[in-house]
Amino acid sequence: QDAPIGFKWDSATYSCAYDSLFCILLDILRTTPADWTKITEQGSDYIQYFNTVFNTNDDMSWETRRQTVRQLLCAEHPTKFPLSRDGADIHELCDYMLKSQQPLYTQHIYCKNCKENVKSTIYNTILELRCSETTWSKKTIRAGAISGQSITNWIHAFLHGKTRSKCSRCNSTQTEYRTNYNIKPPLIHIILNEKISVRFDQTIA
């Protein structure tokens, strides 16, 4: 099949978040094995379990496989991932499913006055970008990534640029974010907080 495999929605336990994420993951698994290997080789226990469940050659339906993964998440985090109509937050689901066992990137706060990094934070969670009209105006346009620019510039605007922090050493306000990737992000989680229209390039330089 050329189209991604979808899931039948579970109206009893509201499977919306799982259907959305699992459909994407399953399509990567089936169509680009090399990319899937990058995701799973250093992935969380949950993505490893997903890989095992959905790679099993038996007559189990996709919905049963989905439920199997949900049961593990619910057993370990019943408040966040209940098997009920309370549903799940897809952002939290992405964080838990796609967390890496090794550092993915390091974000530094660089002081232009001191000419060095004054604070560094290491992340092993999926690269997450929160997009809204406000962040677009304050970060993206200011950085020059306006309409017609590439998504590479857009991402750069979110991960770099001026901070609101004062330097802990000289108290200067001339600080900016600088991000270093330890590995190429296998996936990027983009959160659209408002009803805005975004067009993505096929590749990111």
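These legends walk through several close-up views of a predicted model.

**View 1. Helix 2 and its buried side.**
Start with helix 2, which covers residues 33-41. Which of its residues are buried? They are Trp-36, Ile-39 and Thr-40. These three cover an arc of only 90 degrees around the axis, so they end up on the same side of helix 2. The general rule behind this is handy: an α-helix has 3.6 residues a turn, so residues three or four places apart point the same way. Now look at the face turned away from the buried side, where you'll find the exposed residues Ala-34 and Glu-41. As for what covers the buried residues of helix 2, the list includes helix 1 (16-31) and helix 3 (45-54).

**View 2. Helix 3 and its neighbours.**
Next door in our tour is helix 3, and it has its own set of buried residues: Tyr-46, Ile-47, Phe-50, Asn-51, Val-53 and Phe-54. What covers them? The cover includes helix 1, helix 2, helix 4 (62-76) and helix 5 (90-97). Keep Asn-51 and Phe-54, two of the buried residues of helix 3, in mind for the views that follow.

**View 3. Asn-51, a side chain with two polar contacts shown.**
Zoom in on Asn-51, which lies in helix 3. Is Asn-51 buried or exposed? Its relative accessible area is 18%, and the cut-off for buried is under 20%, so Asn-51 counts as buried. Its side chain makes a polar contact of 2.7 Å with the side chain of Trp-36. Another polar contact, also given as 2.7 Å, joins the side chains of Asn-51 and Asn-55. Leave aside the neighbours within four places in sequence, and Asn-51 is in contact with Leu-29, Trp-36 and Thr-40. Trp-36 and Thr-40 should ring a bell: they are among the buried residues of helix 2.

**View 4. Aromatic rings meeting up.**
Search the whole structure and you get twelve aromatic pairs. Here's one of them: the ring centres of Phe-7 and Phe-54 are 6.2 Å apart and the planes sit at 90 degrees, so this pair is edge-to-face. The two partners come from distant parts of the chain, with Phe-7 in the segment before helix 1 and Phe-54 in helix 3, 47 residues apart. Both Phe-7 and Phe-54 are buried. They also belong to one aromatic cluster, together with Tyr-18, Phe-22, Trp-36, Phe-50 and Trp-62. So Trp-36 shows up again, this time as a member of the aromatic cluster.

**View 5. Charges sitting over rings.**
Which residue lies over the face of Trp-62? That's Arg-65, at 5.1 Å from the ring centre. Trp-62 is also one of the rings in the aromatic cluster of the previous view. Elsewhere, the charged end of Lys-99 sits over the ring of Tyr-96, 5.8 Å from its centre.

**View 6. The four-stranded sheet.**
Time to swap helices for strands. In what order do the four strands of this open sheet come? The order is 2-1-5-4, and the pairing is antiparallel. Strand 2 (116-123) and strand 4 are the edge strands, since each pairs on one side only. Strand 1 (residues 105-111) and strand 2 are joined by seven bridges, and here Thr-106 stands opposite Ile-122 in strand 2. Strand 1 also runs antiparallel to strand 5 (residues 175-181), again with seven bridges. To find your way along that pairing, look for His-108, opposite Arg-178 in strand 5. Finally, strand 4 (residues 161-162) pairs with strand 5 over two bridges, with Lys-162 and Glu-176 as bridge partners.

**View 7. Two loop residues with positive phi.**
Here are two residues in loops, starting with Lys-115 between strand 1 and strand 2. Lys-115 isn't a glycine, yet its phi is positive, near 60 degrees. With 63% relative accessibility, Lys-115 counts as exposed. What is the phi of Asn-171? It is positive too, about 70 degrees, although Asn-171 is not a glycine. Look for Asn-171 in the loop between strand 4 and strand 5. Asn-171 counts as exposed as well, at 52% relative accessibility.

Key:
Residues are numbered from 1 along each chain as its sequence is written. This is a predicted model: local features need pLDDT of at least 70, side-chain atom pairs count only at pLDDT 80 or more; totals for chains, interfaces and linings use all residues. Side-chain values use heavy atoms; hydrogens and water are left out. Buried means under 20% relative accessible area, exposed over 50%, partly exposed in between (1.4 Å probe, protein chains only). The arc is that of the directions from the helix axis to the C-beta atoms. Contact means heavy atoms within 4.5 Å. Two strands pair if DSSP finds at least two bridges between them. A polar contact is a pair of N or O atoms within 3.5 Å; within protein, one must be able to donate a hydrogen and the other to accept it, and residues adjacent in sequence count only if both atoms are side-chain atoms. Rings of Phe, Tyr and Trp (its six-membered ring) pair if their centres lie within 6.5 Å; planes under 30 degrees apart count as stacked, over 60 as edge-to-face and the rest as tilted. A charge sits over a ring if NZ of Lys or CZ of Arg is within 6 Å of the ring centre and within 35 degrees of the ring normal.
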